[in-house]
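Let's take a look at how the strands pair up here and where the nonpolar cores sit.

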Amino acid sequence: AGDIQEFYVRNLCDDGVNYSPWAGPYSFGGYKILEIASGLSDDVIANGVGASASSTTNDVDGGDYAYLAKDFKVNETDADLTYGLPTSGSLSSPDISGLNYMLADYSANNSLRMETNGVGGTLTFTEVYPAETLYFLVVAGSGPGGMAGTINFTDGTTQAIGTTTIPNWFYSSDLPVVISSIGRVKTTTEALENPSGNPRIYELAIDIDAANQSK
């Protein structure tokens, strides 16, 4: 996402003649989609043909409701949906040009679902880059939720993420709304719902401290 450039740097030594080894590559000038290597815990997006419970492992809200993709249908003969998450998995920021997201595979774990207070998880990325800001897609079910955490850098240092309120997947505009009116399915009955403007997925920005932006 965005026009990413890579560069290498080295320092002039104290003798004014020799240089340190090259360091890098570092990226700048745009946005990079980070591929998640591990940490996704649950599949909360029904997709393809068949019972929604067969293509999900959990719900979003604790009430048996899950997201659905546009290609979801219980029976092959059912009408195609006119709502749902895009089959491509690609979403774009509502406010930041060039900032794009790629949802994880709808047929595998595609969320880090944190249900119990104080019990979280760790997302590890395939490749890492220096950054000024991390952007995440977030949502809470059956009311707002609180999230805190820690950013771990490759040099072993950390940065705390202060407690942030994550909005409920219905009605809120407390964070930028990346996508809305995508519908949901009740995995115990196959009942489909497409309430106006809901459910939603939000954008959360976490700023990296200036001292950590080269890490």
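Strand S5 and strand S13 (residues 184–186) run antiparallel and are joined by 2 bridges; in S13, Lys-186 is the bridge partner of Tyr-65. (Strands are DSSP runs of E, at least two residues, numbered from the N terminus; two of them pair if DSSP finds at least two bridges between them.) Keep in mind that this is a predicted model, where local features need pLDDT of at least 70, side-chain atom pairs count only at pLDDT 80 or more, and totals for chains, interfaces and linings use all residues. Residues are numbered from 1 along each chain as its sequence is written, and side-chain values use heavy atoms, with hydrogens and water left out.

Here are the two open sheets:

| Sheet | Strand order | Pairing |
|---|---|---|
| 4 strands | S4-S5-S13-S14 | mixed |
| 3 strands | S9-S15-S12 | antiparallel |

In the sheet of 4, S4 (45–46) and S14 (192–193) sit at the edges with a single partner strand each, so one side of each has no neighbour in the sheet.

On to the sheet of 3. Its edges are S9 (133–138) and S12 (177–179), again with a single partner strand each, so one side of each lacks a neighbour. Neighbouring strands in this sheet are turned by 35 degrees against each other on average, direction ignored (axes are lines fitted to C-alpha atoms). S12 pairs with S15 (residues 201–207) over 2 antiparallel bridges, and Val-177 has Tyr-202 in S15 as its bridge partner.

Now the cores. The largest nonpolar core has 18 residues, and Ile-45, Tyr-67 and Leu-85 have the most contacts inside it. S5 (65–68) and S12 are the elements giving two or more residues to this core. A second, separate core of 13 residues includes Leu-134, Ala-140, Leu-204 and Ile-206. (A nonpolar core is a set of buried Ala, Val, Leu, Ile, Met, Phe, Trp, Tyr and Cys residues joined through side-chain atoms within 4.5 Å; buried means under 20% relative accessible area with a 1.4 Å probe, protein chains only.)

Key. Axes are lines fitted to C-alpha atoms, for helices over the stretch in contact, and angles run from 0 to 180 degrees between N-to-C directions. Buried means under 20% relative accessible area, exposed over 50%, partly exposed in between (1.4 Å probe, protein chains only).
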